[in-house]
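Trainee: Could you take a close look at one part of this model for me? I'd like to hear how a single helix sits in its surroundings.

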Amino acid sequence: MYRFTLEVSSKKFTCPRCGQKRFVRFIDTETGGYLSPETGRCDREVSCSYVYTPKDYFADNPPNELNEKSSRRGKRMIVEKLEYTPQIQQPDYLEKRYLLKTLTDYEENPFVQFLLLLFPFDTPKVWQAVTNYMIGTYNGFTVFPKISLAKKICSAKLMKFDRETGKRLKTDYSISSLQAELKRTGKLKQDFETDKRVFFGEHLLRSDKQKTIGLVEAEKTAIIGSIILPKFIWLAAGSKSFLKIEKLKRFGQRKIILFPDSDAYQEWAQEAKKARFEGLDVKLSALIEKHATDAEKANQFDLADYLIDEQITKLEQPEIFAESYNSALDKVLCDEELTNQFNSILSEQKSVLVVDGNLSEDDAENRVCGFENLRQVVSSVVCTAN
């Protein structure tokens, strides 16, 4: 057993590097006292990653510089310290069986039922989204699991929704997590530590390494985006403060477009700027910033609200929807860059259908030029441009 170890209590100190109160100090298991104030680990592994081990501390502070240099005990402690290997706590993951139990009872899932009402003519797309993101049901909650690229279940957010409006209920017990519920019922250890680096939907990146990432704040927005704009792989941060450049770096040179909520535009714009400075291919959509009214911004209007409004218009006022589509199409055709992007997407789609789908040139052309596909491509191009 090591004499010096990270403290296991919930007590945290101010980190010497990032200044956040997320610092865990090393303690002497014989005396119960702390080692030097700068010796420890910041639990913000990705955004800070500060670690200063006892071994490093004693290497930087040789015996003649220590207060205990004259005592035999102090010399013995130095030897033990130099042999120390830090034990960094690894994140815990949920067992798959807990998530699998939630993949049922969709007739009792208000969010899924809302999606089926919103997309009455696209039921297969709704169920595909539910399947892809492994959306579940748990005691009236909708389950949104975070699954890593390695297919490990990091955590699962629980939220309650209004079946008619799709809005999140804002009552005392309308948001929780599967891990919290499992802890409460004694099925999970109390010190379960989630992997905080992972975005909702991240596991889908394994299936397609070419699609651009559409990154939003809310899980609900990612789901709706995947149904209406499938040209992106939609991920959700879960909260506006979760978006940090350190997390984006994990995606390498993959193209990323950020779609911030109305109250997060400036914050996400700064992160996008930092990301580009670091050489990442990150763009920022100003769609909500430009088009949301002051009242909508005050109510934290987001991309989901925009897409839902468009979908309802399509269902209730087809002539207005057609006007909106024609306006978007005109915008694409009158802009050379957007036209080239539009044609490039269609050409890529056709090639995939011919090569991977074994379709003839004519069949691929007909499929690509179908109205619904053209509408989605136009919406995708305009959405990106905004």
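Mentor: Here's a walk through helix H5, with a glance at the rest afterwards. Keep in mind that this is a predicted model, so to speak of local features we need pLDDT of at least 70, side-chain atom pairs count only at pLDDT 80 or more, and totals for chains, interfaces and linings use all residues. Residues are numbered from 1 along each chain as its sequence is written, and side-chain values use heavy atoms, with hydrogens and water left out.

H5 covers residues 123-132; helices here are DSSP runs of H or I, at least four residues, numbered from the N terminus. Its buried residues are Val-126, Ala-129 and Val-130 (buried is under 20% relative accessible area, exposed over 50%, with a 1.4 Å probe and protein chains only). Looking down the H5 axis, these fall within an arc of 100°, so they line one face of the helix; the arc is taken over directions from the helix axis to the C-beta atoms. That buried set packs against helix H4 (110-118) and helix H7 (219-228), where contact means heavy atoms within 4.5 Å. On the face turned away sit the exposed Pro-124 and Thr-131. After H5 comes Met-134, with a positive phi near 55°.

As for confidence, pLDDT (the predictor's per-residue confidence, from 0 to 100) averages 84 over the protein, and 88% of the residues score at least 70. Residues 64-88 are another matter: pLDDT stays under 50 there, and the model has 45 contacts for them beyond four places in sequence.

Note on methods: Helix = DSSP H or I, 4+ residues; strand = E, 2+ residues; numbered from the N terminus.
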